[in-house]
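Me: I'd like to go through this model with you, starting with the ligands and then moving on to whatever else comes up. Here it is.

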Amino acid sequence: MSDLPYILSETIPRKNYFLGLDFSTQQLKAVVVDEKLQVLHEAAVNFDRNLPEYRTSGGVKKNGTTVTAPTVMWVKALDLLMDQLKITGLDFQDISAISGSGQQHGSVYWRKGVQNLLPTLDPTKFLFLQLANCFSIQDSPVWMDSSTHSYCETMEKKLGGPQKLADLTGSRAYERFTGHQIAKIVSEKAELYFNTERISLVSSFACSVFLGCYSPIDWSDASGMNLFNITLKDWDSQCLHMCAPDLKEKLGEPVATHTCLGPISNYFVERYSFDPSCQVVAFTGDNPASLAGMCLEPGDVAISLGTSDTVFLWLSGKPTPSLEGHVFCNPVDPEAYMALLCFKNGSLTRERIRDLFSHGSWDEFDALLACTPPGNHGHIGMYYDEQEITPKIQGTFRFNAFDQKVNAFEEAATEVRALVEGQLLAKRVHAEQLGFNIGESCRVFVTGGASNNRSILQILSDVFNADVFTQDTANSSCLGSAYRAAHSLAVKQSGTFIPFNEFMANRRPNFTLLCRPRVEAAKLYDAMAARFATLESSILTQQ
Ligand SMILES: Nc1ncnc2c1ncn2[C@@H]1O[C@H](COP(=O)(O)OP(=O)(O)O)[C@@H](O)[C@H]1O
Ligand SMILES: O=C(CO)[C@@H](O)[C@H](O)COP(=O)(O)O
C-alpha cells in the first residue's frame, strides 16, 4: 500500500503545459498555460522591490546617457521566480516546452570559458551563485541607453546614409541598437571585449540559461541590432565589420524565431524535476512576443503601455523601412515582418506626473482626468523627461490654445490631461506618418501595466477613433512566449510549418472590448492631432 502514490504518479499521463517568460525592464514575469492555452499559473519578480541589493531604479542604473542593468540580477530574479512558480503548485514535469522574451536591444557579455561551464551547473546551488563570475561585463547596456550617438553617425556615413542602413537592417542607426553598444565597448573597454566568448541579447541570454549552452539569436530580436539583413536573414558582414572585430563568431548563427533549440538542461531537470524531453524554443524580443500574445492580424494595431510605450503592426508583403520607426522580422511567420514605434517616455513619465500632482495615486490621477474635457480647452503638452526616441526631443513643452508656449498650466488637472493626451496624440501622429490608416474598421489592442487604467484607455479610443480591446492578462509578452512554445513544438512535431494564426484559431485568447470612441471627442482629436504634429515639427526644427 505504501507504494500507491508512486504507482499513481507513474500511471497518470503527463499534462501538456507551456511556460512563457518575460525579462522586461522592471520585472521578470512568467505564465503557464495548459493544452488549450488557458492561463493556469502566473508569477513575477520586481527588480527594485524584490532585489533591492542591486540598487536599481525602474530596473536600471543611470549614469548620464549610459543606462545599464546588473546582468546577474536577472539571473537571481530567475532563481526567485522558479521558487515562486513551485509555490503556486506547478509540477514542472508537466511542461512540454518553454520560450520567453526580453527587453529588446540589451546585451550580455559571457566571458571566455563559460561555454564549458553552462552544461555542468550544479543543481544543488542557486544559478546566481554559479553565474556571478561568468560575465566579462558586469552591467548590461539596455534599451534606455543613448550614449552611442557618434557610433551611429559613423555607421550611417560609412554605409551611404541613414536610408541605406534602414533598407538593409530595417532601421536607421539608433543609439540603443546593439551594434553601436558593442562598438562603444570595443572602443572604451577593448580588453573586456576580447575576453568575451559570446554576446547575447537579453532574450538569447535567458534562453542560454535554460538550454545549458549558448542560444542563437532569433531573427526577430536580431532585427533590433543594426547588424542584421532583414531580407537575407543573416548578419551583414559590412555592419559587423564596422562595429567590432570577430563579431560574427561572438554572435553565433541567427535562427528563425520558431526554432526548437533542444531539450532543457540537466540543471532544471535535476533541480525542478522538468521532464528531460521538455523543449526550449528560441526566445525573442518583448514586443515581437507581444505580437504573438495578442494574435495580431493584418490591419490591427497593438499598443503596449509598459516602461516604454510602443505601437506595432503586422506587416504583410515586402517591407519599406523609413527613417522613423523600425521593421523587424515577424516572430511567428518567417516570411512576414512587423513595424514598431518606440516611445521612451512612457510609464515612468506618467508616474512622475502622478507623484507630482496626485500624491502617487492612480485613482487621484484618474479623478483629475475626469474633471477636464477631451481637448483640454486647447492646451497641449509634450513631456520628454529623457531624450525621446520618436522623435529625438528632450524637455517639457506646454502650449496654450493659441499655440503659444507657456511655462506651466494653472490647474493640476490640465497638466495631467495634457500629459496623457500628448502621449497618445504622439502615437497617432507617428503611426499615421508610418502609413497606418486610422479608419472605422481599425481595432486597437492594448497591453502593458498602464493598460489597467480605463481612463487612459478611453482617451486612447477617442484619439485613435477606434475600439480598444484588452486581454485578461496585461502581459502579452509572457503569454505570447507560452503560445510560441506551443506553436513551435507543434511545428517541430508535424515536420511542416503551420501558420500561427491557423494554430491559434480554436485557442484564441479572450479580448474584452473596453472602450468605444465618442464621436464628438474623436472629431476634436482629428484637429488636435494636426496641431500636435505642427508644434512637434517646430520644436524639432528649433532643437
Ligand atoms: N493603474 C495604472 N495606471 C497607469 N499605469 C499603471 C497602472 N498600473 C501600473 N501601471 C504602470 O505599469 C508600469 C509597468 O508596466 P509593465 O508592462 O509591467 O512594464 P515592463 O514590462 O516594461 O517591466 C509601471 O511603471 C506603472 O507605472
Ligand atoms: O526599445 C524598445 C523597443 O524597441 C523597448 O520597447 C524595450 O523592448 C523595452 O520594453 P518594455 O520593458 O518597456 O516592455
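Me: Which residues are closest to ligand 2, and how many surround it?

Reply: There are 14 residues around ligand 2, and the closest are Thr25, His105, Arg176, Asp286 and Ser308, where near means that a heavy atom of the residue lies within 4 Å. Please keep in mind that this is a predicted model, in which local features need pLDDT of at least 70 and side-chain atom pairs count only at pLDDT 80 or more, while totals for chains, interfaces and linings use all residues. Residues are numbered from 1 along each chain as its sequence is written, chains are lettered from A and ligands numbered from 1 in the order in which they are written, and side-chain values use heavy atoms, with hydrogens and water left out.

Me: OK, what polar contacts does an oxygen atom of ligand 2 have?

Reply: Taking a polar contact as a pair of N or O atoms within 3.5 Å, an oxygen atom of ligand 2 is 2.7 Å from a side-chain N or O atom of Ser308. On the backbone side, a polar atom of Gln104 is 2.9 Å from an oxygen atom of the ligand, and one of Thr307 is 3.4 Å from an oxygen atom of ligand 2. The protein buries 96% of the 380 Å² that ligand 2 exposes when taken alone, with areas from the Shrake-Rupley method and a 1.4 Å probe.

Me: And which helix and strand supply its shell?

Reply: Helix 15 (286–293) and strand 18 (337–343) each give at least two residues to the shell around ligand 2; helices (H or I, at least four residues) and strands (E, at least two) are DSSP runs numbered from the N terminus.

Me: Switching to ligand 1, what comes nearest there?

Reply: Of the 14 residues around ligand 1, the nearest are Ser24, Gln27, Lys29, Thr307 and Glu351. A polar side-chain atom of Thr307 lies 2.5 Å from an oxygen atom of ligand 1, and side-chain N or O atoms of Ser24 and Gln26 are 2.9 Å and 3.0 Å from an oxygen atom of the ligand. The protein covers 82% of the 580 Å² of accessible area that ligand 1 has on its own. Strand 2 (27–33) and helix 16 (347–357) each supply at least two residues of this shell.

Me: How many cavities are there, and what lines the largest?

Reply: The structure holds three cavities of 30 Å³ or more, a cavity being a set of points on a 1 Å grid over the protein atoms alone where a 1.4 Å probe fits but cannot get out, with its volume the space filled by probe spheres set on the points, which are joined across faces, edges and corners. The largest cavity has about 90 Å³ of space, and of its 13 lining residues (those with an atom within 4 Å of a point), Asn345, Tyr384, Gly422, Gln423 and Ala426 are closest to the centre. Strand 19 (380–384) and helix 18 (412–433) each supply at least two residues of that lining.

Me: Last one: is helix 19 mostly covered or exposed?

Reply: Helix 19 (residues 454–464) is mostly covered, with nine of its 11 residues buried, that is, under 20% relative accessible area with a 1.4 Å probe and protein chains only. Among the buried ones are Ile456, Leu460 and Phe464. At the start of helix 19, a side-chain oxygen of Asn453 comes within 3.0 Å of the backbone nitrogen of Ser455, and the helix is followed by Asn465, whose phi is positive, near 45°.

Key. A polar contact is a pair of N or O atoms within 3.5 Å; within protein, one must be able to donate a hydrogen and the other to accept it, and residues adjacent in sequence count only if both atoms are side-chain atoms. Buried means under 20% relative accessible area, exposed over 50%, partly exposed in between (1.4 Å probe, protein chains only). On a 1 Å grid over the protein atoms alone, a cavity is a set of points where a 1.4 Å probe fits but cannot get out, and a pocket is an open set with protein on both sides within 12 Å along at least five of seven lines; lining residues have an atom within 4 Å of a point.
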